[in-house]
Amino acid sequence: MKKRVVRKHNAALNCFVCGVKNPLGLHTEFFELEDGTLAAKVTPKSCHQSYPGRVHGGVCTALLDETIGRAINILEPDTWAVTVEINTRYHKPVPYDVPLTVTGKVLENNRRLFTGEGAILLPNGEAAVTATAKYMKLKIKDIANFDSNGEDWRLYPREDDPDDLELP
């Protein structure tokens, strides 16, 4: 089912998951969808492998952690979060050099914490890895020392950014 992209999310310079200048990073792009889901587009490379042909399980968890954790920004655009716990389930091998979609959405939300769920989807729509996670909401000054409106965190639009994404 095609879902309309509402907006693209910011990226950092050196983040392992979204960093645009991290030479070993995943260069993941995040898109807010009309139904309140956060979807990420990523193509892991061989430097992200565990066994040959397979993305490392820790990399898969990092992708889910970032995607689920960012989903709070749909409801609360100025909220930042840190992971309290994450439970990851591996269903199928995740190949590298293949475009993947990662989804995340908020399930419960209160003043201090939120929980969410997500999945890494293979090109055929099958969920290869799923996760549930809990996050603590914090102000950016309590998490990191950077300007959330500066060079380290900004929008990096591309001409081929999608208008909609196909999700199962």
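**Exercise 1. Work out how many of the residues of β7 are buried, and place the strand among its partners.**

Start with cover: β7 is mostly covered, since 7 of its 9 residues are buried, where buried means under 20% relative accessible area, exposed over 50% and partly exposed in between (1.4 Å probe, protein chains only). Keep in mind that this is a predicted model, where local features need pLDDT of at least 70, side-chain atom pairs count only at pLDDT 80 or more, and totals for chains, interfaces and linings use all residues. Residues are numbered from 1 along each chain as its sequence is written, and side-chain values use heavy atoms, with hydrogens and water left out.

Next, the β6 side. β6 (residues 100–109) and β7 (residues 113–121) pair in the antiparallel sense over 8 bridges; strands are DSSP runs (E, at least two residues), helices are runs of H or I with at least four, and both are numbered from the N terminus. Two strands pair if DSSP finds at least two bridges between them. V102 sits opposite I120 in β7, and T103 has A119 as its bridge partner there. The link is a hairpin through 3 residues.

Then the β8 side. Here β7 and β8 run antiparallel with 9 bridges, and E117 finds its bridge partner in T132 of β8. This hairpin has 5 residues between the strands, and G125 in the turn shows a positive phi of about 95°.

**Exercise 2. Write down the strand order of the open sheet of 8 strands and say which strands stand at the edges.**

Read the order off: β5-β8-β7-β6-β4-β3-β1-β10, with antiparallel pairing. β5 (80–90) and β10 (164–166) stand at the edges with a single partner strand each, so one side of each is left without a neighbour in the sheet. Neighbouring strands are turned by 35° against each other on average, direction ignored; the axes behind this are lines fitted to C-alpha atoms (for helices over the stretch in contact), with angles running from 0 to 180 degrees between N-to-C directions.

**Exercise 3. Find the residues that touch the most other members of the largest nonpolar core.**

A nonpolar core is a set of buried Ala, Val, Leu, Ile, Met, Phe, Trp, Tyr and Cys residues joined through side-chain atoms within 4.5 Å. The largest has 35 residues, and L63, L64, V94, V102, I120 and V129 touch the most other members. Elements giving two or more residues are β2 (11–12), β4 (38–42), α1, α2 (72–75), β6, β7 and β8 (127–138).

Now zoom in on I120. Leaving out residues up to four places away in sequence, I120 touches L63, L64, V94, V102 and V129, among others; contact means heavy atoms within 4.5 Å. There's also a second, separate core of 8 residues, including V5, F31, A39 and L121.

**Exercise 4. Check the span of helix α1 and list its buried residues.**

The expected span is 1.5 Å times one less than the number of residues. For the 14 residues of α1 (residues 57–70) that should give 20 Å, and the end C-alpha atoms are indeed 20 Å apart. The buried set is V59, C60, T61, L63, L64, T67, I68, G69 and R70.

**Exercise 5. Explain why C15 and C18 aren't bonded.**

Apply the cut-off: a disulfide is a pair of cysteine sulfur atoms within 2.5 Å. The sulfur of C15 is 3.8 Å from the closest cysteine sulfur, in C18, which is too far for a bond. The structure holds 0 disulfides. As for cover, C15 is partly exposed at 23% relative accessible area, whereas C18 counts as buried at 1%.

**Exercise 6. Describe Y96, D97 and H27 by loop and exposure.**

Take the loop between β5 and β6, where Y96 has its place. Y96 is buried, with a relative accessible area of 17%, and its contacts include P44, K45, Q49, P52 and R54, not counting residues up to four places away in sequence. D142 is 46 residues from Y96 in sequence and 35 Å away in space, C-alpha to C-alpha.

D97 lies in the loop between β5 and β6 too. D97 is partly exposed at 47% and has a positive phi of about 60° although it is not a glycine.

Finish with H27, in the loop between β2 and β3 (29–33). H27 is partly exposed at 39%, and its phi is near 55°, a positive value in a residue other than glycine.
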